[in-house]
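Please open the model in a viewer and keep the sequence panel visible. The tour below proceeds from the whole chain to single residues.

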Amino acid sequence: IAMSFAVNLPSFVSGYYPIHDTLTVFHFFSHYYSQLINTNELPLWLPYTTYGMPIESYVLFSLGPFQYLTIAIGYLFKIQNTLTLFSISLVGDTIFLAFGTYLLCNHIFKNYLVTCICVTFLLLLAQYDQQLYWNFKVLIPIPMALYLGQKWVESLNPVFLISGLATLLI
C-alpha cells in the first residue's frame with residue numbers, strides 16, 4: 001500500500017497537472033464529476049468533443065470502479081477539487097494492481113522478497129502521469145484475474161473462475 005502511495009506522490013504535489021492521455025482521462029473525469037455536482041445529474045453528452053457526442057464510450061474506457069467510488073465520495077461530501085479526487089482514484093487503482101500482483105507472485109514464487117521485488121517493479125513501470133489507457137487501465141485487472149484463474153485450475157471451484165472473469169470485466 002505504501003508503494004502505491006509513493007508512485008502516485010507526484011500527483012499530490014502543488015502545481016501538478018496530468019499530461020498526455022492521463023490529461024484526457026482527467027478531463028473526462030472532471031466533466032463527469034462537475035456535471036454531477038452542479039446539476040445532480042449524470043452527463044449523457046460531451047458537448048465540446050468533436051462537435052458533441054454521446055458519453056458512453058468515454059465512460060467505458062476512462063472510468064473504473066475506483067473512479068466511480070471517488071466520484072460518489074466527492075459527491076457525498078461536496079468536494080470541489082477534482083484533481084485531488086482523480087489522484088485518489090489512481091491510488092485506488094494502484095492498490096488493486098499491487099494486491100493482485102502480490103497474490104499472483106506469492107502464489108507462484110512462494111518467496112516474500114521475490115514477491116515484493118515483482119510488485120515494486122510493476123508499480124514503477126506504469127507511467128501514471130502520462131499514459132493511463134494502455135500502460136495502466138488495461139493492466140490493472142490482469143494479475144488478479146491470472147491469480148484467480150490459477151486458483152480455479154488447481155481447485156476447479158467455479159467461484160474462482162467467475163471471480164476471475166468478473167475481474168476482467170471491471
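Accessible areas in this tour come from the Shrake-Rupley method with a 1.4 Å probe. Please note that the model is a predicted one.

**The whole chain**

Begin by displaying the surface of the protein chain. Its accessible area is about 10000 Å², and carbon and sulfur atoms account for 70% of that area. Of the 170 residues in the chain, 41% are buried. Switch next to a C-alpha trace: these atoms occupy a box of roughly 50 × 35 × 30 Å along the principal axes.

A cartoon view shows nine helices and two strands. Along the sequence, their order is α-α-β-β-α-α-α-α-α-α-α. Among contacts in the chain with a separation of 6 or more, 66% join residues that are 24 or more positions apart.

Now colour the charged side chains. There are 4 positive and 6 negative ones, and the centres of these two sets are 13 Å apart.

**Helix α2**

Select residues 20-39, which form α2. How far apart are the end C-alpha atoms of α2? They are separated by 29 Å, which agrees with the 28 Å expected because each of the 20 residues is taken to add 1.5 Å after the initial one.

Within α2, display the buried residues, including Thr22, Val25, Ser30, Leu36 and Ile37. Just after the helix comes Asn40, which has a positive phi near 60°.

**The nonpolar cores**

Next, select Phe28, Phe29, Tyr32, Ile55, Leu63, Ile71 and Phe86. In the largest nonpolar core, which has 18 residues, these touch the most other members. Both α2 and α5 (82-109) supply at least two residues of this core, and the greatest contribution, eight residues, is from α2.

Apart from this core lies another one with six residues; Leu97, Ala98, Leu122 and Leu123 are among them. In soluble globular proteins, nonpolar side chains tend to be buried together.

Return to Ile55 and display its surroundings. Which residues are in contact with Ile55, leaving aside its neighbours within four places in sequence? They are Phe28, His31, Tyr32, Pro43, Leu44, Trp45 and Leu46.

**Ala126**

Finally, move to the loop between α6 (112-125) and α7 (133-137), where Ala126 is located. Is Ala126 buried or exposed? Ala126 counts as buried because its relative accessibility is 9%, and the cut-off for burial is under 20%. To end the tour, select Leu168 as well: its C-alpha lies 19 Å from that of Ala126, with their positions 42 residues apart in sequence.

Technical notes
Residues numbered from 1 in each chain as written. Predicted model: local features only at pLDDT ≥ 70, side-chain atom pairs only at ≥ 80, totals over all residues. Heavy atoms only, no water. Helix = DSSP H or I, 4+ residues; strand = E, 2+ residues; numbered from the N terminus. Buried < 20%, exposed > 50% of the residue type's maximum accessible area, 1.4 Å probe, protein only. Contact = heavy atoms within 4.5 Å. Lys, Arg positive; Asp, Glu negative; His and termini not counted. Charge placed at Lys NZ, Arg CZ, Asp CG, Glu CD. Core = buried A, V, L, I, M, F, W, Y, C linked by side-chain atoms within 4.5 Å.
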